Amino acid sequence: MRIALLFLMLTLSSFAQGQTRIYKVVDANGNITFTDKPPISTQEESSAVELNQINISAPPPERARNARIDNSKPEGNIDYDITITSPPDSTTIPMGPGNFSLSASVSPALENGDKLQLILNGEPYGRPQSTSTWGLTNVLRGAHDLSIQAVSNSGKVLSQSRPVRVYVLRPSKLYRN
């Protein structure tokens, strides 16, 4: 019953909004007024205003914060446990040029020429390397998701860390002192 009543109220309100007219009224002094009531005085010039359709769009879908990790372990490959140790999740990088360091722990140690690849917003950042620290420079303002992949010599992803989100603050080009 409540759902039917709610549906009826929404239908009537949308019908009422569709029937509302707006009037532009110009008085003897040239002052313009917009109203939803037709003017009473015949000395005022008035005309109905046609309103455009309201542009409403749905918000974008919310994306998952945790990346899916393929836990299947192919034979002959080592399953690495990778954790980003610095910066912590939801860290804000203070106002500046967008430079910060990232470090990770890998267990067990890399073997067979396997390397680590930093992933910034779903894209590789730099080249795969054998060390577990990175110096990021000139990162743009906004939210960024970081993760690290262990990759084989052939470029095959062996394992991946959980993503960490950082927020970078930078001066705006639009703001002038």
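This report describes strand pairing, a salt bridge and selected loop residues in a predicted model.

Residues are numbered from 1 along each chain as its sequence is written, and side-chain values use heavy atoms, with hydrogens and water left out. Because the model is predicted, local features need pLDDT of at least 70 and side-chain atom pairs count only at pLDDT 80 or more, whereas totals for chains, interfaces and linings use all residues.

## Sheets

Strands (E, at least two residues) are DSSP runs, as are helices (H or I, at least four residues), and they are numbered from the N terminus. Two strands count as paired if DSSP finds at least two bridges between them. Strands of a sheet pair through backbone hydrogen bonds, either parallel or antiparallel.

One open sheet has three strands in the order β2-β1-β3, and the pairing is antiparallel. Its edges are β2 (32-35) and β3; each has a single partner strand, so one side of each is left without a neighbour in the sheet. From one strand to the next, the twist averages 25° (axes are lines fitted to C-alpha atoms, for helices over the stretch in contact, and angles run from 0 to 180 degrees between N-to-C directions). Four bridges hold the antiparallel pair of β1 (residues 22-26) and β2. Within this region, Y23 has T35 in β2 as its bridge partner.

Another open sheet, also of three strands, follows the order β4-β6-β9 with antiparallel pairing. Here β4 and β9 (133-136) stand at the edges with a single partner strand each, so one side of each lacks a neighbour in the sheet. The twist in this sheet averages 25° from one strand to the next. Strand β4 is joined to β6 (residues 100-107) by five bridges, and the two run antiparallel. The bridge partner of I84 is A104 in β6.

## Salt bridge

A salt bridge is defined as a side-chain nitrogen of Lys or Arg within 4 Å of a carboxyl oxygen of Asp or Glu. The structure holds one such contact. It is formed by the side chains of R165 and D145, at 2.9 Å from N to O. The pair links distant parts of the chain, with R165 in strand β12 (residues 164-168) and D145 in strand β10 (residues 142-151), 20 residues apart. Both R165 and D145 are buried, where buried means under 20% relative accessible area, exposed over 50% and partly exposed in between (1.4 Å probe, protein chains only).

## Loops and backbone geometry

E50 lies in the loop between β3 (45-49) and β4 (81-86). This residue counts as exposed because its relative accessibility is 65%. The C-alpha atoms of E50 and I22 are separated by 7.4 Å, although the two residues are 28 apart along the chain.

Most residues other than glycine have a negative phi, and most peptide bonds are trans. The table lists departures from both patterns in this model.

| Feature | Value | Location |
|---|---|---|
| Cis peptide bond, S86 to P87 | omega near 0° | P87 in the β4 to β5 (91-93) loop |
| Cis peptide bond, S107 to P108 | omega near -10° | P108 in the β6 to β7 (115-120) loop |
| Positive phi, S90 | phi near 65° | loop between β4 and β5 |
| Positive phi, N112 | phi near 55° | loop between β6 and β7 |

The loop between β4 and β5 thus holds P87 and also S90. S90 counts as partly exposed because its relative accessibility is 40%. The loop between β6 and β7 contains P108 together with N112. With a relative accessible area of 59%, N112 is exposed.
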